[in-house]
Amino acid sequence: MSALATSRLVDAPSQSFEIKPFDAPLGAEIIGLDLSQPLNDDDFTRIHRAHLDHGLLVFRDQRITPQQQIDFSRRFGPLQIHVLKQFLLANHPEIFIISNVKENGQPIGLADAGKFWHSDLSYKEIPSLGSMLLAQELPEEGGDTLFASQQLAYETLPAELRQALEGKRAAHSYTARYADEVIAGVIRPTLTEAQLAEVKAVVHPVLRTHPETGRKGLFVNENFTTHILDIPEVESRQILAELFAHSARPEFIYRHQWQPHDMVFWDNRALIHLATGCPTHLRRRMHRTTIQGDVPF
Ligand code: SIN
C-alpha cells in the first residue's frame, strides 16, 4: 500500500522548506521544516515524493519529542516493535534505543547496532519500509552511518549473474551473525525462547521490485542473509560473498556525518546501511522508529 493511502488528512498551513539533493549517489537534506508542527497533506506529499526519489532524507535540526517522532513515522505506515524489548523507550515501545551508554551498569540501548551491512528487519516476513533515526547524543568523533543504494547495485551487476539470480530466493535470519558478533566483542543479549519464536528465519526474493517506484534492487545483506535456496551450499556461499562485496561498492555509498538534532529517514527497500562505530569512551544515543513495509516481490 502506498504511504499516501495510509496517511491521515491534516489541515495546517504550509511550511516553507527546501529539499537539497546531496552530491552523492543518494540522499537529500530537508532544510527549514519543523516536524514539531503539523504537516499538511501537500507538504507530506512533497516529503514522500522526495523520499522515493532520493532513498534517504536528512531532516535538519529536529527538536521533537518521542511522540512527535512516532506520529510523523506513522504517516508512512504502521510501526514495528523491535524484538529486543529491553531496549524500547519507556512508555514509547515504538522507539528502539541504539546506544553505547550504560546507566547503573546496564546498557540503555543496543550498542554497536548495525556493525554489518543490512536492511532493517529483512529477517521478518514483512520487512521494513523505512527507518527514522533521531540523534539524541552524538560523540565528538566517529559515529557515522553509511548507506548504499541496492538499486544501483542491481543495475551494475554483471548481466549473467543478474540473469542467474532472477526468481532465486534467499533465507534471512536475525541470529545469522549473532555468534560472529559475540566473538568480535559486540554485546548481544541472549534471546529468550519467546524472542527466538518472534524471529524465525524467513525467505525473500534475492532481487526485489520497489512497491512504489517499480525500480529493481538487490535484497540480500551480510548481516541477516544466510543462504540462497535451491542451489548447492558452496555455490550459495560464493555468490553471496560476491553480492555482499558488490553491494557496498564505494560508488553506491552516501556517508552520513551526524549533526546535532538530525533525523535521518531511509528506505530499507532500496538501501542497506552500516554503523561505523565510535570510540567506546564516547557516548552515542539514537532513537529509531521502524515503519512496516510490504512482503517483498
Ligand atoms: C541501525 O542499524 O539502524 C543503526 C545505525 C546507526 O546507529 O548509525
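Start by selecting Arg288 and Thr290: their side chains make a polar contact with each other, at 3.1 Å. Keep in mind as you go that this is a predicted model.

**Stop 1: around Arg288**

Stay with Arg288 and show its backbone as a cartoon; you are in strand S18, which covers residues 285-292. Is Arg288 buried or exposed? Arg288 counts as buried because its relative accessible area is 7%, which falls under the 20% cut-off.

Now bring up the surroundings. Setting aside neighbours within four places in sequence, Arg288 is in contact with Gln69, His82, Glu94, Ile95, Phe96, Ile98, Asp120, Leu121, Ser131, Met132 and Leu133. Among these contacts you will find the acidic residues Glu94 and Asp120.

**Stop 2: the largest nonpolar core**

Next, select Leu56, Leu84, Phe147 and Tyr174. In the largest nonpolar core, which has 29 residues, these four touch the most other members. To see where the core draws its residues from, colour strands S3 (56-59), S5 (92-99), S8 (128-137) and S16 (263-267): these are the elements that give two or more residues to this core.

Zoom in on Leu56. Which residues does Leu56 touch, if those up to four places away in sequence are not counted? Show Phe22, Leu26, Gly27, Ala28, His51 and Phe147, then add Tyr254, Val264, Phe265, Trp266 and Leu271, and you have the list for Leu56.

Another core, of 27 residues, lies apart from the largest one. To find this other core, pick Leu39, Ile64, Ile108 and Phe265, which are among its members. Phe265 may look familiar, as Leu56 touches it.

**Stop 3: a three-stranded sheet**

Move on to strands S11, S10 and S14. In that order they form an open sheet of 3 strands, with antiparallel pairing. Which strands are at the edges? They are S11 (202-205) and S14 (225-228), each pairing on one side only. Turn the view to follow the twist, which averages 35° from one strand to the next.

For a closer look, display S10 (residues 169-172) together with S11: the two pair in the antiparallel sense over 4 bridges. Within this pair, select Arg169 and look across to Pro205 in S11, which stands opposite.

**Stop 4: Glu242 on helix H8**

Finish at Glu242, in helix H8 (residues 233-247). Glu242 counts as partly exposed because its relative accessibility is 37%. For a last distance, pick the C-alpha atoms of Glu242 and Asp230: these residues are 12 apart along the chain, and the two atoms are separated by 18 Å.

Methods. Residues are numbered from 1 along each chain as its sequence is written. This is a predicted model: local features need pLDDT of at least 70, side-chain atom pairs count only at pLDDT 80 or more; totals for chains, interfaces and linings use all residues. Side-chain values use heavy atoms; hydrogens and water are left out. A nonpolar core is a set of buried Ala, Val, Leu, Ile, Met, Phe, Trp, Tyr and Cys residues joined through side-chain atoms within 4.5 Å. Buried means under 20% relative accessible area, exposed over 50%, partly exposed in between (1.4 Å probe, protein chains only). Contact means heavy atoms within 4.5 Å. Two strands pair if DSSP finds at least two bridges between them. Axes are lines fitted to C-alpha atoms, for helices over the stretch in contact, and angles run from 0 to 180 degrees between N-to-C directions. A polar contact is a pair of N or O atoms within 3.5 Å; within protein, one must be able to donate a hydrogen and the other to accept it, and residues adjacent in sequence count only if both atoms are side-chain atoms.
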